[in-house]
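Student: I'd like a close look at one part of this model, namely the way helices pack in it. Could you take me through that slowly, and then say where it sits in the rest of the model?

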Amino acid sequence: MQEMMIILFSAILVNNFVLVKFLGICPFLGVSKKMDSAVGMSLAVIFVMVLAKAVTYPIQTGLLVPLQIGYLQTIVFILIIAALVQLVEITLKRYVPALHQSLGVYLPLITTNCAVLGVTILNIDEKYTFFQSLLNSFGAGVGFLLALVLFSGIRQRIENNDFPAAFKGVPAVLIAASIVSLSFMGFSGVIDGLFGH
Amino acid sequence: MQYIIPVGLVTAMGLLAGGILTIADKFMAVKMDETAAKVLAALPGANCGACGFAGCADYANALAQDEEHAVKANLCTPGGDAVAMEVSSILGVEFEGSSSMIAIMKCSGSRDKTSYAMDYQGRQTCKANKLFFRGRGTCEKACLGFGDCVNVCAYDAIKLENGLAVINKYKCVGCGLCARTCPNALIEIVPDKTRVVVGCSSVDPGKVTREICSIGCIACKICEKSCKFDAIHVVDNHAVIDYTKCTNCTLCAKKCPTGVIHVFPKLAGAAQPKPQPVLAETAQAEASARQV
């Protein structure tokens, strides 16, 4: 149980995919303008991350490792994830239109997102079991949500402030992102302290 | 052999994924509603949201999916009667006539009437200025004069005149974008037969209003007493007209001691051509908004 908590919370805070590992920066900067779209995107990311991990794990352990072609990991995973997300989108559109309306716009955006690919590959490097991998993927998705929601709040403050011309727009956003990222460094060590080794 | 297995595997996976997707697409296809497409083509495409939906496409879908016709076909105020009639004929419902609306401005505080309390140097938008204390006007509810409403109007119907947003009644289609943008909520959407407008939203007591604005409503209630139709009342220290009761008799305007109740001239001809949205500009603004 303790180990599970450590995996979950370190994925959310200490190893935050966006702010510490710098994966998924594109949606982080692109979709964080409004709180609504940030939440929608993040929910889609959580969903796809867990699903992608559940599908790629058996492929890795059952196909790539026995055939000794682990070097094909990246290309095979991209193929699988892209096809999977498309399939999920078609299915949702047909059977759960309400969910498709709220997630639909963001699903195609994350087909080849590096955060999704990253979580599937990094889990394997950590040698997690199937359940641990799912937990870690879920944590990574929640971390993504946390980062996006926090940052969309900051961006709304940026929008309504007067910046020097040189910093207007993207530069101001990037500087703010770096400061938020820096603040997440403060979490390293906190999780070990909380749940103990 | 060391080449055949990986190449074969990836090819097989690609074919399998492609096959599954093709089959899924065939079996689970959702037909784009033909009615929705037709309705969408009939709508003006300004995506202003006056109908209460997220955009023209959203409204078209709602109309097409609604089999009991609970969603009204005449909600598109910018399109007016012409669009309402076309949409009704596509859907096969009875034409009800569009509810034409216009925007009215409930502040008259131009620079010669009232003054600024601060020399504001920050970001030049009403929204930003409103966040800074309570806006730059001496009156809390004064027009801030940065023109957020001017920028949002797709019909070029609002101009800033001497620090006050002035609505051109002939260009306005009543979409309500400006009403939702104004941080002081000074713009109201009313039926387009409206001719009498109280040009003030001040919440200060009459004495204070008199000191800071030469035209503002002083809540003397003379209009309330003069109205024969119980249509005008002083609420929150300013007069408010109930447009369901107002008959445009203009008696209140004649009695008003500060002259803050304005009267529009009668429309010359009822058949004014409906203006078209300045689409090129709107599209450009949207494109620049989308950029990171």
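Tutor: One bit of vocabulary before we start: an angle over 145 degrees between two axes counts as roughly antiparallel, and the angle is taken between N-to-C directions on a scale from 0 to 180 degrees. Keep in mind, too, that this is a predicted model.

Let's begin in chain B, with helix α2 (residues 34–42) and helix α4 (residues 80–91). Their axes cross at roughly 170 degrees and come within 9 Å. That angle is over the cut-off, so α2(B) and α4(B) are roughly antiparallel to each other. The crossing of the pair is right-handed. On the α2(B) side you'll find B:Thr35, B:Lys38, B:Val39 and B:Ala42, and they meet B:Val83, B:Glu86, B:Val87, B:Ile90 and B:Leu91 from α4(B). Sorted by class, that contact between α2(B) and α4(B) has six nonpolar residues, one polar and two charged.

Now hop over to chain A, where we can look at α6(A) with two partners. Take helix α4 (residues 73–95) of chain A against helix α6 (residues 114–125) of chain A: the axes sit 10 Å apart, at an angle of about 130 degrees. That makes α4(A) oblique to α6(A). Their crossing is right-handed. If you want to click on side chains, α4(A) supplies A:Gln73, A:Thr74, A:Phe77, A:Ile78 and A:Ile81, while α6(A) supplies A:Val116, A:Leu117, A:Thr120, A:Ile121 and A:Ile124. Seven of the residues in the contact of α4(A) with α6(A) are nonpolar, three are polar and none is charged.

The other partner is helix α3 (residues 35–64) of chain A. Here the angle with α6(A) is about 45 degrees, and the axes are 9 Å apart. That leaves α3(A) oblique to α6(A) as well, and α3(A) also passes α6(A) in a right-handed crossing. A:Val48, A:Met49, A:Ala52, A:Lys53, A:Thr56 and A:Gln60 of α3(A) touch A:Ala115, A:Val116, A:Val119, A:Thr120, A:Asn123 and A:Ile124 of α6(A). In the contact of α3(A) with α6(A), seven residues are nonpolar, four are polar and one is charged. Notice that A:Val116, A:Thr120 and A:Ile124 turn up in both lists, so to speak: they meet α4(A) and they meet α3(A).

So where do these helices sit in the rest of the model? Chain A is helices without strands: nine helices and zero strands. Of its 197 residues, 47% are buried. Among its contacts with a separation of 6 or more, 78% are between residues 24 or more positions apart. A nice case of two residues that lie apart in sequence is A:Ser178 with A:Leu19: they are 159 residues apart along the chain, yet their C-alpha atoms are separated by 8.2 Å. A:Ser178 is in helix α8 (residues 170–184) of chain A and is partly exposed, at a relative accessible area of 41%.

Chain B has a mixed make-up, with eleven helices and eight strands. Buried residues are 42% of its 292. For contacts in chain B between residues at least 6 apart in sequence, 60% join residues at least 24 apart. Two of its loop residues deserve a glance, as neither is a glycine: B:Asp236 has a positive phi of about 50 degrees, and B:Thr250 has one of about 65 degrees. B:Asp236 lies between β6 (232–235) and β7 (238–241) and is exposed, at 54%. B:Thr250 is in the loop between β7 and α10 (251–255), but this one is buried, at 11%.

Finally, the two chains touch each other. The contact takes 26 residues from chain A and 25 from chain B, and together the chains bury about 2000 Å², 75% of it on carbon and sulfur atoms. In chain A, A:Leu79, A:Ile90 and A:Asn160 lose the most area to chain B, together 25% of what that side buries.

Methods: Residues are numbered from 1 along each chain as its sequence is written. Chains are lettered from A and ligands numbered from 1 in the order in which they are written. This is a predicted model: local features need pLDDT of at least 70, side-chain atom pairs count only at pLDDT 80 or more; totals for chains, interfaces and linings use all residues. Side-chain values use heavy atoms; hydrogens and water are left out. Helices (H or I, at least four residues) and strands (E, at least two) are DSSP runs, numbered from the N terminus. Angles under 35 degrees count as roughly parallel, over 145 as roughly antiparallel, 65 to 115 as roughly perpendicular and the rest as oblique. A crossing is left-handed if the near helix is turned anticlockwise from the far one by less than a right angle, and right-handed if clockwise. Contact means heavy atoms within 4.5 Å. Ala, Val, Leu, Ile, Met, Phe, Trp, Tyr, Cys and Pro count as nonpolar, Asp, Glu, Lys and Arg as charged, and the others, Gly among them, as polar. Buried means under 20% relative accessible area, exposed over 50%, partly exposed in between (1.4 Å probe, protein chains only). Buried area is the accessible area (1.4 Å probe) that two parts lose on being put together, summed over both.
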